[in-house]
Amino acid sequence: MDLNLAVLIDGDNIPSTYIKEMMEEIAKYGNPTIKRIYGDWTKPDLTKWKKILLENAITPIQQYGYTKGKNATDSAMIIDAMDILYSEKVNGFCLVSSDSDFTRLATRLREAGMKVFGIGEKKTPNPFIVACDKFIYLEILKHEAEESESTDSKPTAKSSVDTITPKDIRLISNTISDLADDDGWAFLGDVGSLLQKKQPNFDSRNYGFQKLTPLIKSIKNFEIEQREASKGRSKLIYVRNKEKNRATTKK
């Protein structure tokens with residue numbers, strides 16, 4: 001069943017250039033029934049947002065900065081989120097910001113049983129990232145769009161794609177071990193789900209791969225096996241650490 005999502009955007013903190021990719025990404029996780037963006041619309045730096053709000057049916061919420069140095073937008077967004085929570089019209093939230101001030105809000109919404117997706121730039125502080133069920137980087141969405149539009153096979157935005165590190169490989173390896181059967185095999189779908197719970201910003205697209213399977217295949221530490229499903233219509237993918245790595249993770 002699709003989630004009904006409340007999409008709340010921190011207009012002071014997110015560039016308008018990401019809107020198309022961002023809304024397409026949100027649609028993958030549910031139906032955005034409420035879409036609001038917060039900011040002081042009297043300021044010239046939000047002019048670019050104004051032009052695209054109607055195209056995406058996003059409601060602008062005016063919030064004046066009453067006190068210099070205080071972010072009134074954050075307060076308005078948090079108050080609205082709690083009002084929406086108690087209205088019981090949605091079962092999930094998408095908080096679009098790179099600001100750690102929304103960490104407590106994300107935690108509170110999850111405590112209430114809401115699914116919380118975070119979207120922000122790579123500068124987003126880790127406390128906000130881990131407070132969400134899933135966190136998506138805007139730079140990766142932009143990179144994806146540029147790749148699909150380019151006729152050249154070479155990446156168009158290399159700087160936005162991370163290189164997989166030994167720490168990342170250990171995370172995957174340990175997760176496989178957590179789920180492995182007596183022969184060391186784990187269903188890849190379960191591995192992906194547990195990776196997301198352990199590290200909400202884990203995304204194969206961060207490393208230049210559309211899906212988890214090709215990412216795993218690109219790492220020499222792991223083995224992949226395809227098995228016939230019970231009905232024979234599709235194949236299930238299993239993964240395990242190679243012999244040497246299985247011995248290492250058991251220590």
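This is a short walk through one predicted protein model, from the whole chain down to a few residues.

Okay, housekeeping before the fun part. The model is predicted, so local features need pLDDT of at least 70 and side-chain atom pairs count only at pLDDT 80 or more, while totals for chains, interfaces and linings use all residues. Residues are numbered from 1 along each chain as its sequence is written, and side-chain values use heavy atoms, with hydrogens and water left out.

So, the whole chain. We have ten helices and nine strands; these are DSSP runs numbered from the N terminus, H or I of at least four residues for helices and E of at least two for strands. Of the 251 residues, 47% are buried. Buried means under 20% relative accessible area, exposed means over 50%, and partly exposed is in between, with a 1.4 Å probe and protein chains only. The accessible surface is about 13800 Å², and carbon and sulfur atoms own 49% of that; the areas come from the Shrake-Rupley method with a 1.4 Å probe, and for residues only the protein chains shown count as cover. Now contacts, meaning heavy atoms within 4.5 Å. Among those with a separation of 6 or more, 57% link residues 24 or more positions apart.

Let's go to helix H1, residues 19–26. Six of its eight residues are buried, so H1 is largely enclosed by the rest of the structure. Those are Ile19, Glu21, Met22, Met23, Glu25 and Ile26. How buried is Glu25? Its relative accessible area is 2%. Leaving out residues up to four places away in sequence, Glu25 touches Ile136, Leu141 and Arg205.

Glu21 comes up again when we look at Lys142, over in helix H6, residues 138–149. With the same sequence neighbours left out, Lys142 touches Thr17, Tyr18 and Glu21. Lys142 and Tyr18 are 124 residues apart in sequence, yet 6.8 Å apart in space, C-alpha to C-alpha. Lys142 itself is partly exposed, at 25% relative accessibility.

Tyr18 also meets Glu121, which sits in the loop between strand S5 (115–120) and helix H5 (126–131). Leaving aside neighbours within four places, the other contacts of Glu121 are Asn13, Pro15, Ser98, Tyr137, Leu138 and Glu139. Glu121 is buried, at 13%.

Next, a helix pair: H7 (residues 166–179) and H8 (residues 188–198). Their axes come within 10 Å and cross at roughly 120°. Axes here are lines fitted to C-alpha atoms, for helices over the stretch in contact, and angles run from 0 to 180 degrees between N-to-C directions. That makes the two helices oblique to each other: under 35 degrees would be roughly parallel, over 145 roughly antiparallel, 65 to 115 roughly perpendicular, and the rest is oblique. Which residues of H8 meet H7? They are Asp190, Val191, Leu194, Leu195 and Lys198. On the H7 side, the list includes Leu171, Ile172 and Asp178.

Last stop, backbone oddities. Most residues other than glycine have a negative phi. Ala57 has a positive phi of about 50° although it isn't a glycine. Ala57 lies in the loop between helix H2 (47–53) and strand S3 (59–62) and is exposed at 52%. Glu88 does likewise, with a positive phi of about 60°. Glu88 is in the loop between helix H3 (72–87) and strand S4 (92–96), and it is exposed, at 70%.

That's my tour, thanks!
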